[in-house]
Amino acid sequence: MTEFSQEFREIALGEVHDVAAERHAAGWRYVQILAVNTEAGVDLVYSYMLDGLLENDVVRALPADAVVPSITDLFLEAFVCENEIHDLYDVAIQDIAIDFGGMFYQLSQKAPMTVVSPEQLAAREKARKVVAAKAAKEAAAKQAPEAVPDTAAPAAGPTEEEIQAKIAGLPPEKAAKVRAAMEAKAKKAAVVPAADEAPAAPKPAGLSEEEIQAKIAGLDPEKAAKVRAALEAKAAKAAKTEGKGE
Amino acid sequence: MGKATVIPFGPQHPVLPEPLHLDLVVQDETVVDVLPQIGFVHRGLEKLVETRDYNQFIYIAERICGICATGHSVGYAETVESLMGVEIPKRAEYLRVIWHELSRVHSHLLWLGLAADAFGFESMFMHCWRLRERVLDLFEKTTGGRVILSVVKVGGVVRDIDATQMAEIVSVLDGIKDDYTKIMNTLLTDTSVKNRTVGVGYLSTEDAQALSMVGPFARASNLPYDVRSFGKGAYGDLADFQPITATEGDCYARVKVRCLEVLQSIEIIKELAAKMPAGDIEVAVKGAPADGAQASNVLEQPRGECYYYARGNGTKNLERMRIRTPTSQNLAGMTVALKGCDLADVNMIILTIDPCISCTER
């Protein structure tokens, strides 16, 4: 049996067609082409197979204005992947043997796979923080024997200047929302100590009996009857519960 | 020769259960050129890796297609396991292959029924689907599901098959084999079937190789390429595995290869059932794929080689998941097989290629 193995290697954009030609001449099978949207640009992965070896040639971070040469003159079957990458990633591919000119997929949005969703952004941010925290922890562990531990010092949060600088970097609408939320938080914080000092305020009473009756009088007769019945049932239940408690 | 006329075929057509469009350039009654088009229902499932973690995405992967569901879940799980350096227990490998080969049997029986129906052999359609029901019953007994099984997970499988169930599977497959052999012999020797398929939709070995064809379509043109021969997982423990091929390269050869592959799958399941090792069925998989780590994988689906690719970003969500299905690989070969055929044979050729647009429009 032929063993399966896989390899990845990086190639330059200028080598794409030459590598394909070499592989075609050497009897490699074309397997596929795929794209990955990264922060630095779109990566392309060309896969070929020979005798169980699956080789993936990776072209890193295509510039926005890059033009990729088609390999359909060597491997006609690549027209599906090349049209797909053009439609889903807006990558310009030159001389595709069967070129649909952007109409291969019926899409409601141009280059949908390049749209970075809020979930993806959050995941990337989280990954960065995890990596930074891990690095900081490792650095601290290295320095720990030399440094004197200061257990009394609480962890300091961001300063007022840092917060204001962060807000300045946000879009105006979001910045206004953040400021409003901060003001509301500050107001709440100012009220809480007073509440701590004073005895607990009585729970605000509900509507008085007169107010309830006035409201019911304003309802249509059928609904008013239903509300009255519900109130009576509630009162009876409360009375029963009290009786049991005694 | 008469004037060339373009005849649109699909995306809605009685012979196509899924939307595929062909522009057939016809002179008199002969097809001289073909332009295929897909993309009418592209679902963007690959983008869902952004919102589903690598454990959750397996449920998306197996919903790519109802016929190839088990294969997609196995292919996806193997790729993520390769990405994270996870080795699964031997028993889990065996169980995956048994369910996957049962899926191949049900897929080929479904296809054979549809093909028989297309050329007017309706009683054959009924018989094929009757046998397929027995395979679906086995799925239901062992997994609880009939189409979407949800038994494969990253790190192994979620259910075991005990010795009693295994004996029942073997017994049911023996019964299916007897019935199926009669049906297959009837089909392959029937004059009407031969009239419609022999010499129709020819594809040479050279073309199949040049166009990197996959699956029964390629093997019917005498290209012995089958991912199972790499011996991955439990396939490596088979005493002997030889891809089934035919030399004719026509519609009849494609029918014959698929018919024989059903018997081959039954034998694979029986052999693995006899060799089933004891032990765990899963290992715990913790953590997340490393940032920038990437892995690729191939799996023999009922329609041929399917390619999987995954890239990690340091979180539980993958940066990219890619699935290249066998049908998209065979589209170029389909245009070559259609060139020169009679217009009346187009539907028969497409059916014997067995395109799965649901997979392709992942």
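This is a walk through a predicted model of two chains, A and B, one selection at a time.

**Stop 1: all of chain B**

Start by showing chain B alone. You should find 12 helices and 8 strands. The radius of gyration is 21 Å, close to the 21 Å that the globule rule gives for 362 residues, so chain B is as compact as a globular protein of that length. Turn it along its principal axes and the C-alpha atoms fill a box of roughly 65 × 45 × 30 Å. Colour by burial and 55% of the 362 residues of chain B come up as buried. If you draw a contact map, look away from the diagonal: of the contacts in chain B with a separation of 6 or more, 70% join residues 24 or more positions apart.

**Stop 2: helix α5 of chain B**

Now select residues 163–189 of chain B. That is helix α5, with 27 residues. From first C-alpha to last it reaches 39 Å, close to the 39 Å expected at 1.5 Å a residue.

Which residues of α5(B) are buried? Show side chains for Met166(B), Ile169(B), Leu173(B), Ile176(B), Tyr180(B), Ile183(B), Met184(B) and Leu187(B). As you look at the spacing of that list, keep the usual helix geometry in mind: an α-helix has 3.6 residues a turn, so residues three or four places apart point the same way.

And what do these buried residues pack against? Add α3 (90–118), α4 (122–143), α6 (191–197) and α9 (251–275) of chain B to the view, and you have the helices that the buried residues of α5(B) pack against.

**Stop 3: three loop residues in chain B**

Go to Leu20(B), in the loop between β1 (4–9) and β2 (21–27) of chain B. Is this loop residue buried or exposed? Leu20(B) counts as buried, because it has 25 C-beta neighbours inside 10 Å. Beyond four places in sequence, its contacts are Gly10(B), Pro11(B), Pro36(B), Ile38(B), Pro355(B) and Ile357(B). For a sense of scale, draw a distance from Leu20(B) to Leu136(B): the two are 116 residues apart in sequence and 27 Å apart in space, C-alpha to C-alpha.

Next, pick Ser150(B), in the loop between α4 and β4 (152–153) of chain B. Its phi is near 50 degrees, a positive value in a residue other than glycine. Ser150(B) counts as partly exposed, with 17 C-beta neighbours inside 10 Å.

Then jump to Asn222(B), which sits in the loop between α8 (215–219) and α9 of chain B. Here too phi is positive, about 65 degrees, although Asn222(B) is not a glycine. With 17 C-beta neighbours inside 10 Å, Asn222(B) counts as partly exposed.

**Stop 4: where the chains touch**

Bring chain A back. How many residues of chain B are in contact with chain A? There are 34, and they touch 37 residues of chain A. On the chain B side, the elements that give two or more residues are β6 (294–301), β7 (304–311), β8 (320–324) and α10 (326–338). The largest share, 4 residues, comes from α10(B). Colour that side of chain B by class and you get 9 nonpolar, 16 polar and 9 charged residues.

**Stop 5: helix α2 of chain A**

Stay at the boundary and select residues 79–89 of chain A. This is helix α2, which is mostly covered: 10 of its 11 residues are buried. Among them are Phe79(A), Val80(A), Cys81(A), Ile85(A) and Leu88(A), along with Glu82(A), Glu84(A) and Asp87(A). The buried residues of α2(A) pack against β2 (29–38) and β6 (92–94) of chain A together with α10 of chain B. Just after the helix, check Asp90(A), which takes a positive phi of about 55 degrees.

**Stop 6: the rest of chain A**

Zoom out to chain A as a whole, with its 7 helices and 6 strands. From the N terminus on, the elements run β-α-β-β-β-β-α-β-α-α-α-α-α. Of its 246 residues, 20% count as buried. The domain assignment gives domain 1 (5–114) and domain 2 (163–196), and 49 Å separate their centres, taken over C-alpha atoms.

Last, colour chain A by pLDDT. The mean is 81, and 86% of the residues reach 70 or more. Select residues 148–155: pLDDT stays under 50 there, with 0 contacts beyond four places in sequence. Residues 193–204 of chain A are also below 50, with 0 contacts beyond near neighbours in sequence. Where pLDDT is low, the predicted coordinates should not be read in detail.

Methods: Residues are numbered from 1 along each chain as its sequence is written. Chains are lettered from A and ligands numbered from 1 in the order in which they are written. This is a predicted model: local features need pLDDT of at least 70, side-chain atom pairs count only at pLDDT 80 or more; totals for chains, interfaces and linings use all residues. Two residues are in contact if their C-beta atoms, placed from the backbone, lie within 7 Å. Ala, Val, Leu, Ile, Met, Phe, Trp, Tyr, Cys and Pro count as nonpolar, Asp, Glu, Lys and Arg as charged, and the others, Gly among them, as polar. The expected span of a helix is 1.5 Å times one less than its number of residues. A residue is buried if 20 or more other C-beta atoms lie within 10 Å of its own, exposed if 12 or fewer, and partly exposed in between; C-beta atoms are placed from the backbone. pLDDT is the predictor's confidence in each residue, from 0 to 100. Domain bounds come from an automatic or database domain assignment. The radius of gyration is taken over C-alpha atoms; the globule rule is 2.2 Å times the number of residues to the power 0.38.
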